[in-house]
Amino acid sequence: MRPTPSTHAAPLTRWLLPLAISAALAACGGGGGGGVAFPPISGTSTPPPSSTPNEGKSGPKALIVEIDGLTHAVLRDAIAQKKVPAALQSLQLAPAWTGGTDGALSEQPATDGPGWATLLTGTWVPRHAVRADTADQRIDAKLAPSVFAFAKQKKDAGYLTASVTANTLYPNLLLAETGTLDTAVDCAGADACVTANTTRLIGAGYDLLVAQYSAPAAAAANGLRSETYQRAVSDTATAVGQLLARIAQRTANDAKEDWLVILTTGHGLDAFGGVTSLKDVDNKTVFIASNKTLPALPAVGAASPADDTALRQSAAATDIAPTVLRHLGALPATAAYNLNGQALQATTAMQQLAARTSADRSSIELSWTLAGDLGGPVQVLRDGKPIATLPAGATRYTDPVKAAADGLYAFQYTVAAGGANVSISAQIAYVKVGLVNLFPLDALPALDVNATATLAPITADADGGSLVADDNFLPPYRAQALRVDSRVKNAVGMAGYLLQQTHDVTTAPKVAAFTLGFWLRTDATCSQGVGNGASVIANKNYDSGNNAGLALGLFSNCELRFNTGTGSGRGEIKGKHFLSAGRWAYVAMVVDKAGKNMRGYVFDPVKGTQTSSVALSNALVAALGGLGKGIALNEDATGLYYQRASALSPRGALDFNDFAIWNRALTAEELTAIYTSGQPLSALAP
């Protein structure tokens with residue numbers, strides 16, 4: 001018969017702890033540290049013969065063994081030299097990493113408490129909240145339920161759960177979570193007690209067990225090459241071999257018992273066997289050793305990574321809990337998924353999920369890597385709600401934050417692909433400035449993603465525009481672009497498109513700077529760049545550059561001129577920016593009203609990056625709004641520039657793509673990133 005479960009930590013140990021500790025003390029001289037030997041279990045602890053019927057039920061079962069002080073390199077070497085029992089030699093061993101991501105919300109110390117909390121919850125410190133190795137630390141049971149809690153939620157399975165630990169720090173971590181452990185044994189430093197009680201609980205039919213050993217950690221102070229440490233490793237391996245032998249007995253008696261066994265450690269050690277606050281590769285390197293082949297576990301059999309970049313391509317310590325829960329059928333559904341790791345049984349390996357605030361502090365940029373099966377779509381959820389379905393193999397998504405006011409906002413994102421789910425905590429110090437308008441120009445009518453501006457033919461009977469290929473983007477992102485042909489005019493000669501903002505950045509008092517950015521392509525000969533030139537964009541009457549407002553003109557030799565006027569004078573950049581005819585270039589006008597400066601940028605595939613600036617007077621800044629009718633494309637704000645200048649300014653077609661307006665000054669680095677990314681702003685919000 002299986003023992004009657006208890007629900008409180010103190011009574012839980014009454015039937016196990018005295019006998020187990022007394023047996024351990026008699027056999028081991030009072031403790032499990034310092035390389036104490038682990039003799040075979042004897043007397044009442046001897047496992048029953050294989051013919052004894054199993055207690056408990058068939059089905060999935062899991063054992064997690066955490067060994068403090070055992071490093072990946074040491075275990076790999078011991079397996080290679082066959083210094084461990086045969087059952088351990090057959091395990092699938094791979095390096096893994098812990099400690100979260102340096103400089104990100106997930107960063108946590110690579111020490112006992114945080115490492116153990118990550119193992120038990122599959123989360124980093126923003127959720128489990130354990131930041132130190134002190135007795136007052138508790139796992140946040142609401143934000144980070146333990147593997148035991150998830151197992152108990154699968155009530156139809158009736159899982160029995162147990163924790164058997166040698167380090168007296170660890171039982172404190174679960175004190176905020178009640179009713180999830182049927183048995184908790186604090187072995188108070190005696191590793192032999194861990195072996196005895198875990199063996200007994202396996203025999204009693206428990207379904208989810210976590211066993212924790214400490215002897216190698218205690219011995220590591222003598223150095224990783226010391227005889228004391230090597231003995232501790234050998235003794236601990238022998239002890240784990242006994243646990244595996246007991247499991248083998250059960251599976252021999254009942255082929256329907258399906259055991260997942262995972263060996264790991266909470267953190268690495270430095271070259272001297274010590275634990276430090278330094279986040280170097282040795283301290284962050286842990287391991288995952290499994291009795292099952294796990295498709296999403298990379299680097300099986302590989303040596304320990306030499307640097308952090310290589311280490312981050314391994315599995316994470318957060319992957320252990322979801323792997324165990326999937327085996328038990330207790331993994332949360334995607335919409336409820338808050339674990340920072342993935343189940344390694346998935347055919348897709350998702351790694352390096354990261355979240356960062358965009359440069360304009362108005363969006364959160366997510367990125368990740370994928371390996372294995374990339375055949376299905378990628379889904380992104382925010383706080384449990386789907387927000388995007390991306391093509392198979394996608395590895396980036398930018399989530400624009402829409403908030404009523406400035407402030408600190410926190411989100412939980414989940415990315416799902418090929419049976420792999422991974423979540424991440426993200427926060428943003430949101431500033432309600434940034435990308436004000438964005439017209440992707442992938443379809444007609446042209447729509448602003450923020451719905452705060454319109455872009456349409458300047459009159460209903462003028463050129464309605466047409467769509468052409470936008471081969472300035474990489475193949476996965478190619479769609480359409482807008483062609484505005486000024487040769488298509490109405491009866492009085494009006495042509496062009498007109499962009500009208502709800503709040504015009506050129507005149508809004510609270511906007512201290514703004515940026516206009518877009519992709520531009522001329523025809524194959526730059527035919528409009530002759531005579532008086534073409535009006536690429538303008539919010540003014542462009543008969544004269546002196547007229548009030550701003551404009552971007554196309555002239556001979558395919559030159560672009562950035563122009564502002566007061567009505568009686570101008571601030572202009574000319575002779576500095578040139579296009580390659582018939583080729584896509586990225587063009588940006590950055591106006592710093594407070595700093596009284598305008599800078600022009602042209603990123604051309606042949607001519608390279610061209611930038612220059614001009615100082616603006618108070619009068620020029622005051623006149624930036626032009627006619628107040630909006631910004632015309634391939635015309636001026638009257639819609640009649642080419643009609644008035646027909647003798648010297650030929651009509652023609654200009655192509656536009658991804659027309660955007662920011663209410664701040666973008667940096668050269670940000671604009672360069674837009675040009676070189678090969679992606680539209682909807683996928684890469686700067």
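**Exercise 1. The surroundings of Pro126**

Leaving aside its neighbours within four places in sequence, which residues is Pro126 in contact with? Place Pro126 in its element and state how far it is covered.

*Solution.* The model is a predicted one, and the first step is to locate the residue: Pro126 lies in helix H6, which spans residues 125-128. The second step is to list its partners, and once the neighbours within four places in sequence are set aside, these are Leu105, Ser106, Leu143 and Ser425. The third step concerns accessibility: buried residues fall under 20% and exposed ones over 50%, so Pro126, at 29% relative accessibility, counts as partly exposed. As a last step, consider a residue 20 places away along the chain, Ser146, whose C-alpha atom is separated from that of Pro126 by 15 Å.

**Exercise 2. Helix H5 and the residue that follows**

Determine how many residues of helix H5 (residues 112-121) are buried, and describe the backbone just after H5.

*Solution.* Begin with the count, which shows that H5 is mostly covered, with 10 of its 10 residues buried. Going through the helix by name, the buried residues are Asp112, Gly113, Pro114, Gly115, Trp116, Ala117, Thr118, Leu119, Leu120 and Thr121. Then move just past the end of H5, where Gly122 takes a positive phi of about 70°.

**Exercise 3. The disulfides**

Find the disulfides of the structure, and work out the handedness of each link and the pairing order of the bonded cysteines.

*Solution.* The structure holds two disulfides, and they can be taken in turn.

1. Cys187 is joined to Cys193, with an S to S distance of 1.9 Å. The torsion about the S-S bond is -65°, and the link of Cys187 and Cys193 is left-handed. Cys187 counts as buried because its relative accessibility is 1%, and Cys193 likewise counts as buried because its value is 0%.
2. Cys526 is joined to Cys558, with an S to S distance of 2.1 Å. Here the torsion about the S-S bond of Cys526 and Cys558 is about 90°, so this disulfide is right-handed. The pair links distant parts of the chain, 32 residues apart, with Cys526 in the loop between strands E21 (513-521) and E22 (534-538), and Cys558 in the loop between strands E23 (549-555) and E24 (559-565). Cys526 counts as buried because its relative accessibility is 7%, and Cys558 is buried because its relative accessible area is 5%.
3. When the bonded cysteines of the protein chain are numbered in sequence order, the pairing reads 1-2, 3-4.

**Exercise 4. A buried acid**

Asp470 is buried yet has no salt bridge; establish where Asp470 sits and what its side chain makes a polar contact with.

*Solution.* Asp470 is found in the loop between strand E18 (466-468) and strand E19 (481-485). The nearest side chain of opposite charge belongs to Arg478 and is 6.0 Å away, whereas the cut-off for a salt bridge is 4 Å. The side chain of Asp470 does, however, make a polar contact with the side chain of Asn657, at 3.4 Å. Beyond four places in sequence, the residues that Asp470 touches include Asp442, Tyr477, Trp584 and Asn657.

**Exercise 5. Strand pairs and their turns**

Trace the pairing of strand E24 with strand E25, then that of strand E27 with E26 and with E28.

*Solution.* Start with E24 and E25 (residues 570-578), which pair in the antiparallel sense over six bridges. One of the residue pairs to look for is Asn563, whose bridge partner in E25 is Glu572. The hairpin of E24 and E25 has four residues between the strands, and Gly567 takes a positive phi near 115° there.

Next turn to E27 (residues 597-604), a mostly covered strand in which six of its eight residues are buried. On one pairing, seven bridges join E26 (residues 585-592) to E27 in an antiparallel arrangement, and Val590 stands opposite Arg599 in E27. The hairpin formed by E26 and E27 has four residues between them, and in the turn Lys596 has a positive phi of about 55°. On the other pairing, eight bridges join E27 to E28 (residues 608-615), again antiparallel, and Asn597 stands opposite Ala615 in E28. To finish, the hairpin connection from E27 to E28 passes through three residues.

Notes. Residues numbered from 1 in each chain as written. Predicted model: local features only at pLDDT ≥ 70, side-chain atom pairs only at ≥ 80, totals over all residues. Heavy atoms only, no water. Helix = DSSP H or I, 4+ residues; strand = E, 2+ residues; numbered from the N terminus. Buried < 20%, exposed > 50% of the residue type's maximum accessible area, 1.4 Å probe, protein only. Contact = heavy atoms within 4.5 Å. Disulfide = S-S within 2.5 Å. Pairing = 2+ DSSP bridges. Lys, Arg positive; Asp, Glu negative; His and termini not counted. Polar contact = N/O pair within 3.5 Å; in protein donor to acceptor, adjacent residues only side chain to side chain.
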